[in-house]
Amino acid sequence: MRRETWQAWLLILPAVVLLVAFTHWPALMTFIDSLFSTPRGSRAPVYVGFDNYQSVFEDPVFWQALRNNFIYAVATIPASVVIALGMALAVNTALPGRALLRMAYFTPTMLPMIAVANIWLFFYTPDYGLFDQVAAWFGLGRHNWLGNPATALPAMIVVAVWKEAGFFMIFYLAALQAMPPDLAEAAALEGSSRANYLRRVTLPLLMPTTLFVLVNAVINAFRLIDHIVVMTRGGPDNATTLLLYYIYQTGFRFWDTATAATLTVVLLALLGLLAALQFGVLARRVHYR
Amino acid sequence: MSTRSLEIAGAWLLGVLWVLPLLYAFWTAFHPAAYATHFDITAPLTLRNFRTAWQAAPFARYFLNTTLLVTLILVAQFVICTPAAFAFARMTFPGRDIIFAIVLLQLMVMPDVLLVGNYRIMAQLHIVDTILAIALPYLGSAFGIFLLRQTFRMVPQELDDAARLEGSTLLGRLWRVYVPLARPTYIAYGLVSVSYHWNNFLWPLVITNSVTTRPLTVGLSVFASTDQGIDWSIITAATLMTSAPLLVAFLLFQRQFVQSFMRAGIK
């Protein structure tokens, strides 16, 4: 064998072994586990084919988690991306207190989600939380924001948008600063309005960034559930149960590992589908330089 | 001009909204509990909430655990991902593109989602409830390999050739030519990695169950959910305490942080 070949293989070996052992291998094992029953006490797992999938698909909580996650994603992703873009456009111009403003936008990114959750938990507290105090000024009564199924999920969405927008802003800001200034000058000479310039020049040039941000936002919508664990535990009445939270609950609260494995496979399939969709649809509209 | 001032006002309103939760947390943490929910500029400042929180839970141990965890992950990621990134960037070998594609799959299927599978593996290895078990799934990092590979590919080939002519070995060239030139990428990757793992919660929550292994985030959640009742002043103090090192580092090195996150995101 060529010297370079085995040298290269030696160099990649540790990384590839670790990567496969804790990403691909568990993913494969999860799929296999989903075809067996959960071991209970001395009862060994038995092969059950796709029975676990059938019971998952008959489980109303699963469908609710899926619906919740869909609503959560559809609300969180566009809101955080649009706010991020607005923030980036704002701090990319000469603005009084620009550095301070940029810092304000970015700070939530540095906080652990669990710290964020604690702070917001306080905000949402009935009667003396900030939200109810503000509501009281307007003569509105007491709200149990997290205890009411109608407001609990929106409350989670607000927290997620607040946490993520500043992070995405950074990527837009980087892209904006890399744009050649003569483009704006040329547009100004031709008398193009700012709105027109934004729509015709800036946004198309930002498409690669938007794709990158969207991929991250989609992954986060399914991955980041720390605030759910701390703030609502999926409640009330499963109103804030997201898919990964349901996996956590099934696997590590009820210790039903087979069902948790099945749910994980469904989540992975969903993520794969979304990835294919994003790259298929969006990649065609992206102008790479 | 009025649309412009409207825009500025809007930007600032958003900024105020974005720091408000943090300011509110500071207010609560540094004042006696009686002032937690109403504002009074004359309210006395106090550090008692911090002292109470510090004494009520083993936060010193949690700090140690998180520091160990973050250091272990950072060092191991650098040592493991550097040679792999170099091989993918500058060497030709059969199977390179397929293996690289397999590596990149991790960007979509992240260890955070594979709680059940990874827990089982850790149980089989008998390392449940260890700091090593928290770190292991993140050591072979596709993100790190990808980032370093992109950087190594930009190193001028002439520098590599010159070192080769001087008789440098493969590892010698990697160490003396590539690693020094990739310094900004290492800083960027390091900052992203440290802040990610300082803040990581779900996997550590699942895999740890004792004081000697729990990182700060899990310790904080245990502290906040047990008998603290509704003493928000103390919970908020604990919350700020756990975020403080990262927050202070961010305020001090704001420019580097922002640039690092940008660098890590540009492909």
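## Helical chains A and B

Along the sequence, chain A reads α-α-α-α-α-α-α-α-α-α-α-α-α. That is 13 helices and zero strands, where helices (H or I, at least four residues) and strands (E, at least two) are DSSP runs numbered from the N terminus. This is a predicted model: local features need pLDDT of at least 70, side-chain atom pairs count only at pLDDT 80 or more, and totals for chains, interfaces and linings use all residues. Residues are numbered from 1 along each chain as its sequence is written, with chains lettered from A and ligands numbered from 1 in the order in which they are written.

The C-alpha trace of chain A spans about 80 × 75 × 30 Å along its principal axes. Of its 289 residues, 42% are buried (20 or more other C-beta atoms within 10 Å of the residue's own; exposed means 12 or fewer, partly exposed in between; C-beta atoms are placed from the backbone).

### Positive phi

Most residues other than glycine have a negative phi. Two loop residues have positive values.

| Residue | Phi | Loop |
|---|---|---|
| A:Trp255 | near 50° | α12 (243-252) to α13 (257-283), chain A |
| B:Asp129 | near 65° | α5 (115-124) to α6 (131-139), chain B |

A:Trp255 counts as exposed because it has 12 C-beta neighbours inside 10 Å. B:Asp129 has 14, so it counts as partly exposed.

### A helix pair in chain B

Helices α3 (residues 59-90) and α10 (residues 183-199) of chain B have axes that come within 10 Å and cross at roughly 145°. Axes are lines fitted to C-alpha atoms over the stretch in contact, and angles run from 0 to 180 degrees between N-to-C directions.
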